[in-house]
Amino acid sequence: MIEKLKDFIDEVQQFTADTKEKAEELRLKFLSRKGILNEIFAEFKNVAPTEKREYGQRINALKQLVEKKINEAQEKFEEQASKPNDLDITLPGPNYSLGSHHPITNVLNEIIEIFSRLGFTVAEGQEIEDDYHNFTALNFAPEHPARDMQDTFFIETNPDILLRTHTSGGQVRVMEKQKPPIRVLVPGRVFRNEAVSARSHCIFHQVEGLYVDKNVSFADLKQTLMYFAKEFYGEKTEIRLRPSYFPFTEPSAEMDVSCSICGGKGCGICKNTGWLEVLGCGMVHPNVLRNCGIDPEVYSGFAFGMGIERTAMLRYGVTDIRMFFENDMKFLSRFKL
Ligand code: PHE
């Protein structure tokens with residue numbers, strides 16, 4: 001009996017499982033239900049008591065040996081499978097898809113870059129504002145109907161706190177802290193309680209510009225905006241200033257640029273006028289300067305504010321403002337630089 005076991009051990013030791021079929025053959029022969037090991041176990045009861053101990057040890061040795069051989073073979077096959085031998089290390093690596101900036105960020109960065117060449121720096125205002133900075137300091141009288149120009153989100157429990165309706169409050173915060181000369185841009189998100197449609201949204205972005213110094217005139221404003229328009233919309237761009245009204249500027253104007261799509265001839269985008277309205281601007285109202293501790297007899301300034309979404313829609317030909325807020329990967333991947 002023990003001799004038979006020794007023979008099996010020799011047999012397994014010499015066995016090389018170089019194919020999957022051979023390894024399976026070994027498993028079936030020894031480990032399956034009708035395999036040799038079960039057979040040998042069954043014979044255990046017929047073994048002479050003096051030999052039982054050695055017999056048992058050898059059965060275990062045989063079992064472990066068979067399992068070891070099969071495991072080794074298994075590992076070898078798995079390793080071979082994960083290392084195909086036709087690997088061509090000269091092939092280019094896989095293409096990783098890189099992310100990109102949001103189109104609003106791209107436009108904002110470009111605007112900041114253009115104005116930084118004229119010495120403008122960037123200040124952050126705050127999205128949650130108080131009534132004073134969003135309205136009162138900007139010369140909105142308490143019951144002035146102009147407060148209704150912008151549908152404000154107030155905090156229910158405290159009507160003094162609101163979501164800013166424009167970045168102009170940032171002007172006030174800068175002037176409170178800084179003495180002229182001031183040349184600053186305030187970019188950021190603003191909020192208005194408006195119905196969401198393809199053309200308007202309750203959240204959008206603006207960038208505010210403010211320049212305060214001695215002898216700043218309307219001519220400086222016009223020249224600065226013309227420089228911006230030509231840099232941003234193209235060398236051939238013309239600008240047009242139309243009289244307008246804002247409580248915090250006097251005189252106030254709205255700026256149009258010649259339509260960059262049709263070159264001013266008239267098209268669907270400019271509604272056949274040849275002009276596109278892009279920003280509001282004006283000379284900082286003396287009351288606003290005074291509210292911020294700046295003497296309007298000594299200093300004057302100009303301010304402007306433009307909507308980024310509108311600018312980005314023109315730049316990229318986007319026809320639905322909602323696309324900027326939906327994080328649709330198909331839309332966003334169009335703006336890879
Ligand atoms: N705050 C104005 C708006 O939201 C734009 C503006 C800014 C106008 C600065 C004049 C000066 O429409």
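**Exercise 1. Finding the ligand**

In which pocket does the ligand sit?

*Solution.* Bear in mind as you work that this is a predicted model. Look for the ligand among the pockets: the largest pocket is where the ligand sits.

**Exercise 2. Describing the shell**

Work out how many residues surround the ligand, which are closest, and which classes they belong to.

*Solution.* Step one is to collect residues with a heavy atom within 4 Å of the ligand. That gives 15 residues, and the closest are His166, Ser168, Arg192, Gln206 and Glu208.

Step two is to sort the shell by class. Five of its residues are nonpolar, eight are polar and two are charged.

Step three is to trace the shell back to secondary structure. Helix α7 (168-177) and the strands β6 (203-213), β9 (275-284) and β10 (300-307) each supply at least two shell residues. Strand β10 gives the most, with three residues.

**Exercise 3. Polar contacts to the ligand**

Take His166, Arg192 and Gln206 in turn, and say which kind of ligand atom lies close to a polar side-chain atom of each.

*Solution.* The cut-off for a polar contact is 3.5 Å between N or O atoms. Start with His166: one of its polar side-chain atoms is 3.0 Å from a nitrogen atom of the ligand. Move on to Arg192, where a polar side-chain atom lies 3.0 Å from a ligand oxygen atom. Finish with Gln206, whose side chain has an N or O atom 2.9 Å from an oxygen atom of the ligand.

Now add the surface view. On its own the ligand exposes 330 Å², and the protein buries 91% of that area.

**Exercise 4. The three-stranded sheet**

Put the strands β2, β3 and β4 in order, and explain why β2 and β3 each have one side without a neighbour in the sheet.

*Solution.* Begin with the pairs. Strand β2 pairs with β4 over three bridges, in the antiparallel sense. Strand β3 pairs with β4 (residues 158-163) over two bridges, again antiparallel.

Next, assemble the order. The result is an open, antiparallel sheet that reads β2-β4-β3. Because β2 (128-130) and β3 (154-155) stand at the edges with a single partner strand each, one side of each has no neighbour in the sheet.

Then check the register residue by residue. Leu162 in β4 is the bridge partner of Phe154, and Glu129 also stands opposite Leu162. Ile155 faces Asn158 of β4.

Last, follow the chain from β3 to β4: a hairpin joins the two strands through two residues. As a reminder for this kind of exercise, strands of a sheet pair through backbone hydrogen bonds, either parallel or antiparallel.

**Exercise 5. The seven-stranded sheet**

Trace the strand order of the other sheet and name its edge strands.

*Solution.* Walking across this open sheet, you meet β1-β5-β6-β10-β9-β8-β7, and the pairing is mixed. The edges are β1 (121-122) and β7 (239-246), which each pair on one side only.

Zoom in on one pair inside the sheet. Strand β8 (residues 249-258) and β9 run antiparallel, with eight bridges between them. Within this pair, Met255 stands opposite Leu279 in β9.

You can now link this sheet to the ligand: β6, β9 and β10 are among the elements that each give at least two residues to the shell.

**Exercise 6. Unusual backbone geometry**

Locate the cis peptide bonds at Pro181 and Pro251, and the positive phi values at Asn139 and Asn327.

*Solution.* Start from the general expectation: most residues other than glycine have a negative phi, and most peptide bonds are trans.

Take the peptide bonds one by one. Pro180 and Pro181 are joined by a cis bond with omega near 5 degrees, and Pro181 falls in the loop between α7 and β5 (182-191). The bond from Glu250 to Pro251 is also cis, with omega about -5 degrees, and Pro251 belongs to strand β8.

Now turn to phi. Asn139 has a positive value near 75 degrees and lies in the loop between α6 (131-134) and β3. Asn327 has a positive phi of about 50 degrees, and its place is the loop between α10 (308-316) and α11 (329-332).

Definitions and conventions:
Residues numbered from 1 in each chain as written. Predicted model: local features only at pLDDT ≥ 70, side-chain atom pairs only at ≥ 80, totals over all residues. Heavy atoms only, no water. Polar contact = N/O pair within 3.5 Å; in protein donor to acceptor, adjacent residues only side chain to side chain. Areas by Shrake-Rupley, 256 points an atom, 1.4 Å probe, with all protein chains shown as cover. 1 Å grid on protein atoms, 1.4 Å probe; cavity = no way out; pocket = protein on both sides within 12 Å on 5 of 7 lines; lining within 4 Å. Sits in = over half its atoms within 2 Å of the grid points. Helix = DSSP H or I, 4+ residues; strand = E, 2+ residues; numbered from the N terminus. Nonpolar A, V, L, I, M, F, W, Y, C, P; charged D, E, K, R; others polar. Pairing = 2+ DSSP bridges.
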